[in-house]
Amino acid sequence: MSDQTIMIKPRIIVTGATGKTGSVVVAELLKAGYPVRAIVHREDGRSARLKRQGAEVAVADMSDVGRVADALKDVQRAYYCPPYDPYMIQGAVAFALAAKEARLEHIVGLSQWLASPSHPSLATRQSWLLDRLFSMTPGVAHTIVSPGFFADSYLVTIGLAAHLGIFPWMYGDSRNAPPSNEDIARVAVAALMDPARHAGKSYRPTGPELLGAEDMAKAIGRAVGRSVRVVPTPTWLFMKAARMGGMPIDLMSNVRYYVDDHKRGAFELGAPTTDVLEVTGRPAEDFETIARRYAVQPRNQRALGNWLREFAQFIIAPLSPGFNFERYDRELRRPFPSLPQSAPESKVWRREHAITDSQSFRENRYDRYQHEGARAL
C-alpha cells in the first residue's frame, strides 16, 4: 500500500449543509482536508457557496429514499442534522436504511437536550426516536450531540437591542448556558474525525456559564454599545413577532413548548458542561463573544433605515396575526401523547440525563408555574 493511499481521508456527508451548524461542519471538515458531500434541498446561492468552498453538493429531500441512498454511495461517515418538519422520522428511517446499505462507519447526529418520548413537541419526541434508531442501526457507530437552546435563539432580536435598547424575554427567572452554532459544529466535527474515541457517547455543548435575562441583556448591551433593558414578553406576542418575521409554523409549533420547558428550568439542569473543551480542546465561546458577531451584521448597524424597520415591527407586532396552531395540528393530524410531559416531568428524561430526584431543578418555580397555568399560549 502506498503512502498516498494511507493518507486518503474518509468522505463525510453533511445533511442540513446550508444550516446554522451544517454549514460550519462543512467548512471545518474542508479546512481539515476531508472530502465532503453536502446534502441540500435545492440549488441556490448557498449551495453555490458550498461548491466554491470545495464541497461536492447533492440535492435530495431527506425522505426520498432513492436520492438519499445515491448520496451515501462512497461515503464513510455522516453528520445528520434532521430537518425541522413533521416528517423528521421518515427522513431518518430513509437515512438509516441507506447508511446500513452503504456500510457507513459512523453517524454523528444532532439531537436535543429535551428529547424524550412523551414530550408535547412532535419534533422532540421524534428526536428521541431518531437517536434510538441510529443507535440500533447494525454496524454503524453513533454519537449524539444534544444542545439546548442555542445562543442564536436569544440573538434573533438583537436588532431591537441595537436600535431600541430592549431585550424581549419570555422565560421568567430561568437561566441557560447557551452554546454558539460554531461550538456545536466543532463538537460534531471532532467526533467525526475520531469515531473510535467518540462512538456511543452523547455530548451536550453549552456556553461557559449560566445566564439569566439581565446577564444576557448586559452582554448584548456591551456588544451593541448601548444600555439594554429586559422587557418581559408574553408568549402570544413573541409568537406574533415570529410569524411577522417569517419563522415557519413547523418550527414554532414546537418552540411554543420549549418556552414552557425554559420557564421550568429545564436548560439549567446539568449546565454548564465542559464538553466543548474536552471534545474540541478549545474553551466554549461566551455569550458576549457570540453577540458581538451578530452586532456587526449590516441590519444591526446604527442607521436610520434599520431603526425605522425595527420600530415599525415593534409597533405592528401586537396588531399582527399570530400562528393558528389549533388548525395546524388539526390539518396535520398530529399525533399527541396520551399523557404529555415536559422534560423535567418525564421520568425517562430524568433517568437518561442522570437527573436525580434529590437534584434541584427549581421545584418551587416548577410548582408555581403549574399553578399559574402557564401552559396556555
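**View 1. One cavity turns up in a search of the whole structure.** In this predicted model, a search of the whole structure finds 1 cavity of 30 Å³ or more. About 70 Å³ of space lies inside the largest cavity.

**View 2. Meet the residues around the largest cavity.** Tyr84, Asp85 and Pro86 belong to the lining of the largest cavity, together with Leu122, Ala123 and Gln126. Asp250, Ser253 and Asn254 line the largest cavity too, and Tyr328, Leu332 and Arg334 complete the list. Sorted by chemical character, the lining of the largest cavity holds 6 nonpolar, 3 polar and 3 charged residues.

**View 3. Helices contribute to the lining of the largest cavity.** Look for α6 (122–135), α13 (249–263) and α17 (325–332): each of them supplies at least two residues of this lining.

**View 4. The second largest pocket has about 280 Å³ of space.** That volume belongs to the second largest pocket. This pocket is lined by 16 residues, and the closest to its centre are Ile144, Ser146, Ser202, Glu352 and His353. Its lining divides into 5 nonpolar, 6 polar and 5 charged residues.

**View 5. α6 appears again, this time at the second largest pocket.** Both α6 and β8 (202–203) give at least two residues each to the lining of the second largest pocket. Which element provides the largest share of that lining? It is α6, with 4 residues. If you go back to the largest cavity, you will find α6 there as well, supplying at least two residues of the lining.

Technical notes. Residues are numbered from 1 along each chain as its sequence is written. This is a predicted model: local features need pLDDT of at least 70, side-chain atom pairs count only at pLDDT 80 or more; totals for chains, interfaces and linings use all residues. Side-chain values use heavy atoms; hydrogens and water are left out. On a 1 Å grid over the protein atoms alone, a cavity is a set of points where a 1.4 Å probe fits but cannot get out, and a pocket is an open set with protein on both sides within 12 Å along at least five of seven lines; lining residues have an atom within 4 Å of a point. Grid points are joined across faces, edges and corners, and a volume is the space filled by probe spheres set on the points. Ala, Val, Leu, Ile, Met, Phe, Trp, Tyr, Cys and Pro count as nonpolar, Asp, Glu, Lys and Arg as charged, and the others, Gly among them, as polar.
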